[in-house]
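Q: Could you take a close look at the salt bridges in this model? I'd like to know what they connect and how they sit in the fold.

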Amino acid sequence: MHFFTSVTTCYLPKARVLASTLKKHNPDAVMHLVISDDLPEGFDLTKEDFDYVWIAEDFIKSENNKKWFYMHTVVELCTAVKGAAALHILQKTNAEKLIYLDPDIGVFDNLDSLGDMLDKSSVLLTPHQIDPSVSKQGIIDEEICSLKHGVYNFGFFAVRNDENGLKFLSWWNDRLMEFCYDDIPNGLFTDQKWGDIAPALFEFVKIIHEPEYNVATWNLATRKVEGNEEDGWIVNGKKLKFYHFTGFDSGAHRIMLAQHAKEGDPVWNLSMLYEKLMYEKGQNELGKVKFKYAFYENGELIDKKERILFRNRLDVYNYFENPFNDECYLWMKANVSAKEDNILSVCKKRFLYKMLYKITLFSLRKKFKQKYKYYQNILEKMQGKLSGTN
């Protein structure tokens, strides 16, 4: 079977762990790396566990790729290319079955069972939860979180290269090309929320309910991890297929892990093992590298608010053929950043005026002399801090 993941340079160490653990338990697996970035200096495919590398710029087909890449943050971009990447891999390799795994996943058993499922169903998905939450906090952390971010976790999906599988991918890719944004208030969370309606639209979608697939902190309340590195890992009495180590870089993984297990429990040992593997694969060197589309051509960082304005303002979108150049940079700083700075400055000035008014009132009454000195000291400190912004 063929597998693929989607990364920028900073996630390459995680993708290396994914590829190495996959091939350890699935030696015949064909692994594809999709990257929306430049490969790091010294990257040598012959020394990697990847069989193919695909550069997103080479297969994304939009009316203007510079505009399309500019409109997406790093998370939005890595998820937006997944549909197009899947279609591209199937076209170029004629793979019969294709499985996507997020780069922060570790594989701990043979995955031929997924191929067996694809013999009967054209699309496979895994829900974030397969059992009801067991506490009020669980409802908040798990079920309500799924209502916001998507019922199905698209850190995994699998398709068969047939009419139905291609039908699903084409539908999904069309939406990702235009609507793959982190915009929960408007019903979107990158590529995931579209999955909520997929089973209603396509009767050939199979939902995997077995607990050994896609284990993560969002479902640990109902999935008990046991075992060790030598003897293997077990979840709810079955061999663990793959674990999703989400939130490592932000620290969220350990926070959520602590809610479900004590340090020293098997799931903590599994987490520490993954962390060790990740650093062996270059996390220190690459983990904080910003992706190339994070910057204008002059080296300045692009603010997310500038990306949002560009995709929401048709006049701005149509005017700038290359939003990464100096012309767009200067316009954005004048019309987004500068405007916000002015608003902040007004707020600060209003606060100072309010303080001055209070000081005046207190100064008129002797009984408030202490308060007068108190507010005067605060004002002096505020004026010192704001002296460079007004």
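**Salt bridges up close**

A: Lys276 and Glu280 sit four residues apart in helix α11 (residues 266–280), so about one helical turn separates them; helices here are DSSP runs of H or I with at least four residues, numbered from the N terminus. This is a predicted model, where local features need pLDDT of at least 70, side-chain atom pairs count only at pLDDT 80 or more, and totals for chains, interfaces and linings use all residues. Residues are numbered from 1 along each chain as its sequence is written, and side-chain values use heavy atoms, leaving out hydrogens and water.

Back to that helical pair: Lys276 and Glu280 form a salt bridge at 2.8 Å, N to O (a side-chain nitrogen of Lys or Arg within 4 Å of a carboxyl oxygen of Asp or Glu). Glu280 is exposed at 52% relative accessible area, while Lys276 is partly exposed at 48% (buried is under 20%, exposed over 50%, partly exposed in between, with a 1.4 Å probe and protein chains only).

Now for some longer-range links. Glu321 bridges to Lys67 at 3.5 Å, N to O. Glu321 lies in the loop between α14 (314–319) and α15 (326–363) and Lys67 in helix α3 (residues 65–70), so the pair ties together parts 254 residues apart in sequence. Lys67 is buried, at 4%.

Glu76 and Arg311 also pair up, at 3.6 Å, N to O. That joins helix α4 (residues 74–80), home of Glu76, to helix α13 (residues 304–312), home of Arg311, across 235 residues. Glu76 is buried too, at 0%.

There's also a network of salt bridges linking Asp38, Glu57 and Lys292. The full count comes to 17 salt bridges.

Terms used. Helices (H or I, at least four residues) and strands (E, at least two) are DSSP runs, numbered from the N terminus.
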